[in-house]
Amino acid sequence: TISQNNKNWSNFEAMIPSLLDSYGVKNINKINEDLNYLQIKFSNFLFEIITNDVIRDIGNKSEKNKLAYSSLSNFLYDLDEQSYENIKFAKGTFHYDIFNFIFLNMNFTSLFDNYIYLDKYQFDPIPFKTVNTNFKFYPNPHNFNKGCNWNSDTCWSCYINTEVVHPHGQQYIPRSMLFGSNCERFKDNKEFDRFNKEYWAQYELKYSPLFNQTELFIIYGSAVGESDSWWWKKICESLENGAELIVYSYDGEFSKKDFIQKYAKENAKTEIIDKNIFIVPVTEDIKFLQ
């Protein structure tokens, strides 16, 4: 059983390797049956708490206050002055850029999808008669004086595309919901490997190309647990190659040192990875997904 002190969902998934180690091949069918049972039960639980009213209210709030658009156009506001001075992403933006936001939603619900959706009341795909840009990005929304020549009124006329992907499934398709681990040593054992989320989600095939194309990663609302370590390892590789990462940290829970020790390669240039990580404490003042 899971200790009551283990409140993170990742702690449950982290138990799967120990279950397989303890009970072995003879009980694989039983463990699979239990996971399938959990899919149904957890889906039912989500439908009880994430009702249509809850989803509607999230969407209405975003629509009324233009929260989706504001999140995407003003998220650099959340950086403190030192981070803003050091991040390369802001300085690399300009008019006519294409902002391609791909959200990998590890949550089974559609709450985030409803929040970030650019509805017709906060977004017009063809707002101008003379140019076809459709998005305003603010490169210095906090009006910092150092690091650039722009102020809070500066905005770039750009293009935007958004996509939300659920690599681990959705509550509306209970059998799609993946509960599993990311145990490297199980990859040599086909029966055990089937308990890795990577096996079913086909991370390498579907998502690996994205890491070479991404300039900026943002981690929001994640425990950065080991059951999803494939993602964190790939991000570390990208950071070593010049990409950057913004992490929204609740109550100081995120540690650069721990993140790098766990997920960077053994011979990685850790000083480069460290330099490319920027931490944002989650407060009421943040603009992204407020």
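Here is a friendly conversation about the sheets and helices of this predicted model.

Student: Which strands form the open sheet with parallel pairing, and in what order?

Tutor: Let's build this sheet up pair by pair. Strand S4 (residues 216–219) and strand S5 (residues 244–249) run parallel and are joined by four bridges. S5 is also joined to S6, by five bridges, and these two run parallel as well. Put together, the open sheet of three strands has the order S4-S5-S6.

Student: Which strands are the edge strands of that sheet?

Tutor: The order to keep in mind is S4-S5-S6. An edge strand here pairs on one side only, and that description fits S4 and strand S6 (277–281).

Student: By how many degrees are neighbouring strands of this sheet turned against each other on average?

Tutor: Think of the sheet with the order S4-S5-S6. Ignoring direction, its neighbouring strands are turned against each other by an average of 20°.

Student: Which residue in S5 is the bridge partner of Phe-217?

Tutor: Start with the pairing of S4 and S5, where the two strands run parallel. Look along S5 for the bridge partner of Phe-217, and you will find Leu-245.

Student: Which residue in S6 does Ile-246 stand opposite?

Tutor: For this one, move to the parallel pairing of S5 and S6. Opposite Ile-246, in S6, stands Phe-278.

Student: Which strands does H11 touch when it packs on the sheet?

Tutor: H11 has a direction that makes about 145° with that of S4. Together with S4 and S5, H11 also makes a right-handed β-α-β unit. In packing on the sheet, H11 touches S4, S5 and S6.

Student: How are the directions of H10 and H11 related, and why?

Tutor: Helix H10 (residues 203–213) and helix H11 (residues 229–240) have axes that come within 10 Å and cross at roughly 30°. Angles under 35 degrees count as roughly parallel. Therefore H10 and H11 are roughly parallel.

Student: How many nonpolar residues are there in the contact of H10 with H11?

Tutor: On the H10 side, the residues are Tyr-203, Glu-204, Tyr-207, Ser-208 and Phe-211, and they meet Trp-230, Trp-231, Lys-234, Ile-235 and Ser-238 in H11. Of the residues in this contact, two are polar and two are charged, while the nonpolar ones number six.

Student: What is the order of the open sheet with mixed pairing?

Tutor: S1 and strand S3 (residues 156–165) pair in the parallel sense over seven bridges, and Ile-98 stands opposite Tyr-159 in S3. The pairing in this open sheet of three strands is mixed, and the order is S1-S3-S2.

Student: Which helix lies across S1, S2 and S3?

Tutor: The edge strands here are strand S1 (98–104) and strand S2 (135–137). The helix we want runs at about 50° to S2 and covers residues 67–74. That is helix H4.

Note on methods: Residues numbered from 1 in each chain as written. Predicted model: local features only at pLDDT ≥ 70, side-chain atom pairs only at ≥ 80, totals over all residues. Heavy atoms only, no water. Axes fitted to C-alpha atoms, helices over the stretch in contact; angles between N-to-C directions. Parallel < 35°, antiparallel > 145°, perpendicular 65-115°, else oblique. Contact = heavy atoms within 4.5 Å. Nonpolar A, V, L, I, M, F, W, Y, C, P; charged D, E, K, R; others polar. Pairing = 2+ DSSP bridges. Right-handed = clockwise from strand over helix to strand, strands pointing away.
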